[in-house]
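I opened the notebook to record what I looked up, one entry at a time.

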Amino acid sequence: MKYETVIGLEVHVQLNTKTKAFCGCANVFGSRENTNICPVCLGLPGSLPVLNANALKSSVKVALAFNCAIRNFIKFDRKHYYYPDLPKNFQISQYDEPLSENGYLDIETAGSKKRIAIKRIHLEEDAGKLIHAEHAPYSFVDFNRAGTPLLEIVSEPDLNSPQEAYAYLSDLKLTLKYLDISDCDMEKGSLRCDANISLRPAGEKKLGVKTELKNMNSFKAVKAGLEFEIKRQTKCLEASLSIVQETRLWDEKKQETFSMRSKEEAHDYRYFPEPDLPLFSFTLEEIDEIRKQLPELPKERRKRFVSQLEIPEKSADVLIADKKIADFFEECLRIDNDSKNIANWLIGPVLSHANIHESFEALQLSPARLVELNAFVRGGAVSNLVAKSVLDEMLKTGKAAKDIIQEKNLGQISGADELKDVIESVIAGNKKSVEDYLAGKENALMFLVGQVMRMSGGKANPKVARDLLTERLKQ
Amino acid sequence: MKLNFLTGHELIESLRSKKADSGQIVADLKKRFDEVEPKVKAFARPPDFKDAANFESQGCVLGGLPVALKDNICSDGDLTECSSRVLGGFIAPYDATVVKKLKENGAVILGKTNMDEFAFGSSCETSCFYPTRNPWNLDCVPGGSSGGSAASVAADESIWALGSDTGGSIRQPASLCGVVGMKPTYGRVSRYGLIAFASSLDQIGPLTKDVRDNALLLNAIAGYDDRDATSVNIPVPDYLRSLEKDIKGMRIGIPKEYFIKGMDPEVEQAIREAISKLKSLGAEFKEVSLPHTEYAVAVYYIIATAEASSNLARFDGVQYGLRVHEKAKEAGPELVSMYKETRGKGFGAEAKRRIILGTYVLSSGYYDAYYSRALKVRTLIKEDFDKVFRECDLILTPTSPTPAFKIGERTDDPLSMYLSDIYTISVNLAGLPALSLPCGLTKNGLPIGLQVLGKPFGEEDIYCLAYHYEQNTQWHKMKPKL
């Protein structure tokens, strides 16, 4: 039998506000254990939470970016469970009235477009972190993370393949990066993803029994985990075994999932409205103000690059995939609107350097310097080939293209007199090609131009060389 | 006369005119403590008189006078245990906002007073330390949960004190001990640093020997606090000035639902006499109705226990206070057994009863039937008051249906204990201000309290009426024989 896969994703993203969600402690990653703490985020007796308005503002930004409706009154609830990393033994979260609902995200896989509904987005506080002492009968708790603002973004079960899940996550993350509300670093845990997956016979309306997948540390792992689950669940169904509703953890080393707990042990979280936080509401004007502050989102930018700047779709995809590169690109265009050539510089040589250095920001390159280099090529001062080595040098030394070309005497030779000797010796040394050309083989000319380039150390202007060769061979 | 018998404002005046010095005040307080504390047991632990003696009296609003704090108000570096084993050894690492404000106004902290464990009770008998006794009759309870604060003021072991009131915990002990106790409007005083019982009901307030002291102390602690999101940002009037206002023409409601069976005849008699006295001073009275009064106790015990079960979840032996894991030693280090043992040994019977009740009403499947419905009735109770206050400035009721009862008399019957708060609970549900002041003594020499309820942020009217009544009666000058 054929089965249809049904996937829903829950993404948690830590907001990069200066302070925590309900106190004034610094919200930073990587500090010494238990240094960013106070009575409030430790949940000490007598302490009270006060909502960080910026965390709420960031949440609204995200909600608007995903086309969600914002609630008139924003309410927080307490979610109760006992765990040592949860200082109050309840988490301040949002239960029946999330701050926003009913949004969507459009994804594209293998050329086909699809709208994925976003069920809800709500704000809550993160817990601390347990640090397990090796070979010791105890653990430590680091409360630095306790109280970090955490946004939960829940999709409807609209995804039907691991590829779609991957595309959804990539687009979601890109938009979040553009909004600059989180660094979205899965390794640091500032972005985390859980997946619900079930199978059902193709055409069936009723959802099958789902499993919840956790512990995936990259989007690739999410995809692999889902692929594994599809195979596992298919085997179960084909063997007429029932699927157990349970939470399963992804084992990155073994590349498989294993059962953590079944839902029978599910908690009663005893949600009730947080009495220490009054209802919060935005005016329509305030929402509009936040909407106005939204940056251009990646999809709109891609559209603009293609339609207005005439950048090919594939190139536009590469440029917008990193907001910093797209910003850099536009910065270049403000100086010089040679969009196609600058785009090619960025997508080709610049990005491959960025990959070597593992980040675009690490490159010693300003928009003005790249524009200058591009102008040298366009003006015929250097060839494309030489320009690439000039770029290497620029990134190595931090020098400007102009200085490198001068110092190394890399200027392109365009004068007929200067090239005369080279042309003569190429003609003398490649009799066969000359004959071929004269016999009407156009390709032979290309070979001869290549030889001129080689002999001039790449400095000859290829167009001039070609013209001179044609001229000379007419004689 | 020993200085500890004076009121705060009398002492401030004596200090100003150099008739008294701060050292003598503290010496007299210490002497009184040594004499009567073994009988009364008002404090959770002996105050630090050395610290209290170091005060600077000049130029301070509160004259540098020491204040006693209920054992649930955090003060930096001091034990704050809520009279509970589960918080045994907990030293607060910060000052509650009220403590910060007291210190800014030149007060020093005398010590922490005994209370019902986590403020769960109306008699001070649920304290893990010992029951506090009523200074007027040592066989009787002082009321609760701020029984230690009330008793310390009544016994002249402290000049004044702070308590907290969730369902009557300032007013009922004030009534039973013959002192003045004010529960301000919800949001008037910051709760930051008050170890929470029920967040939507708790409020800190002063317990004092007379109305003027009460206004003086509320002046010092009231006001918006950006650390408490439920505190309200409206200006604080000078409550001392409200004492001078006229009460002629003040419209006072008497709710018919409050004069019921079960009210002690002596209490009723005292209230009737207070009404006559106030009429003679020019106040106008009319009968009013608060039709949802009969549901108040039920609603209160759902909402208060639900919030308490959540607020008390943090006492688990992980970070602070008591940690018990004796069984874990045999069976290996198991987290859940540490939780169970710590909470099992740490909480007393009444705390457990309320945690279980609160956990039950919040459980899935019961939430709608209990908690959700209780919130709806709470709104109805609020609306009852809104309606009455459209035609009245104040409401007058007894504070407690009976005078102080015997120690042990109600400990086996939680329901009768819960009914001690029948006149005070609605005020918390509606978030209103209310004050209790002495208005009589029973034949057996036990104090009776008169409760004055005001509109939201109507503390001025309350003080005005209470002050005029007090100035025309002698009850506040009566002292217990100890």
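My entries below go from the chain contact to helices and then to single residues.

**Entry: the contact between chains**

I note first that this is a predicted model. I looked up how chain B meets chain A. I found 34 residues of chain B in contact with 25 residues of chain A. I then asked which helices of chain B each supply at least two residues of that side. They are α10 (296-311), α12 (335-346) and α13 (349-362). The largest share comes from α10(B), with three residues. By class, I get 18 nonpolar, nine polar and seven charged residues on the side of chain B that touches chain A.

**Entry: α14 of chain B**

I checked the length of α14(B), residues 368-388. It has 21 residues, and at 1.5 Å a residue the expected span is 30 Å. The C-alpha atoms at its ends are 29 Å apart, so the two values agree.

Next I asked which residues of α14(B) are buried. I list B:Tyr370, B:Tyr371, B:Ala374, B:Arg378, B:Ile381, B:Asp384 and B:Phe385. What do these buried residues pack against? Within chain B, I find α10, α13 and α16 (425-430). From chain A, I find β14 (272-273).

**Entry: α5 of chain B**

I turned to α5(B), residues 147-154. Eight of its eight residues are buried, so the helix is largely enclosed by the rest of the structure. The residues I wrote down are B:Gly147, B:Gly148, B:Ser149, B:Ala150, B:Ala151, B:Ser152, B:Val153 and B:Ala154. Just after this helix I noted B:Asp156, with a positive phi of about 60 degrees.

**Entry: two helix pairs in chain A**

I took α5(A), residues 298-307, and α6(A), residues 313-320. Their axes come within 9 Å and cross at roughly 140 degrees. The two helices are therefore oblique to each other. I recorded the crossing of α5(A) past α6(A) as right-handed. On the α5(A) side, the contact is made by A:Pro298, A:Arg301, A:Arg302, A:Phe305 and A:Val306. On the α6(A) side, I have A:Glu313, A:Ala316, A:Asp317, A:Leu319 and A:Ile320. Six of the contact residues are nonpolar, none polar and four charged.

The second pair is α1(A), residues 53-65, with α4(A), residues 284-293. I read an angle of about 70 degrees, with the axes 10 Å apart. These helices are therefore roughly perpendicular to each other. A:Lys57, A:Val60, A:Lys61 and A:Leu64 of α1(A) meet A:Ile287, A:Ile290 and A:Arg291 of α4(A). I count four nonpolar, no polar and three charged residues in that contact.

**Entry: two residues of chain A**

A:Leu284 lies in helix α4 of chain A. Is A:Leu284 buried or exposed? I find 9 other C-beta atoms within 10 Å, so A:Leu284 is exposed. I also took its C-alpha distance to A:Ile405, which is 58 Å across 121 residues of sequence.

A:Thr257 sits in strand β13 (residues 256-262) of chain A. It has 24 C-beta neighbours inside 10 Å and so counts as buried. Leaving out residues up to four places away in sequence, I asked what A:Thr257 touches. The contacts are A:Leu213, A:Gly225, A:Phe228, A:Glu229, A:Arg248, A:Leu249 and A:Trp250. I also took the C-alpha separation of A:Thr257 and A:Ala195: 12 Å, at 62 residues apart along the chain.

Notes: Residues numbered from 1 in each chain as written. Chains lettered and ligands numbered in written order. Predicted model: local features only at pLDDT ≥ 70, side-chain atom pairs only at ≥ 80, totals over all residues. Contact = placed C-beta atoms within 7 Å. Helix = DSSP H or I, 4+ residues; strand = E, 2+ residues; numbered from the N terminus. Nonpolar A, V, L, I, M, F, W, Y, C, P; charged D, E, K, R; others polar. Expected span 1.5 Å × (residues − 1). Buried ≥ 20, exposed ≤ 12 C-beta atoms within 10 Å, placed from the backbone. Axes fitted to C-alpha atoms, helices over the stretch in contact; angles between N-to-C directions. Parallel < 35°, antiparallel > 145°, perpendicular 65-115°, else oblique. Left-handed = near helix turned anticlockwise from the far one by under 90°.
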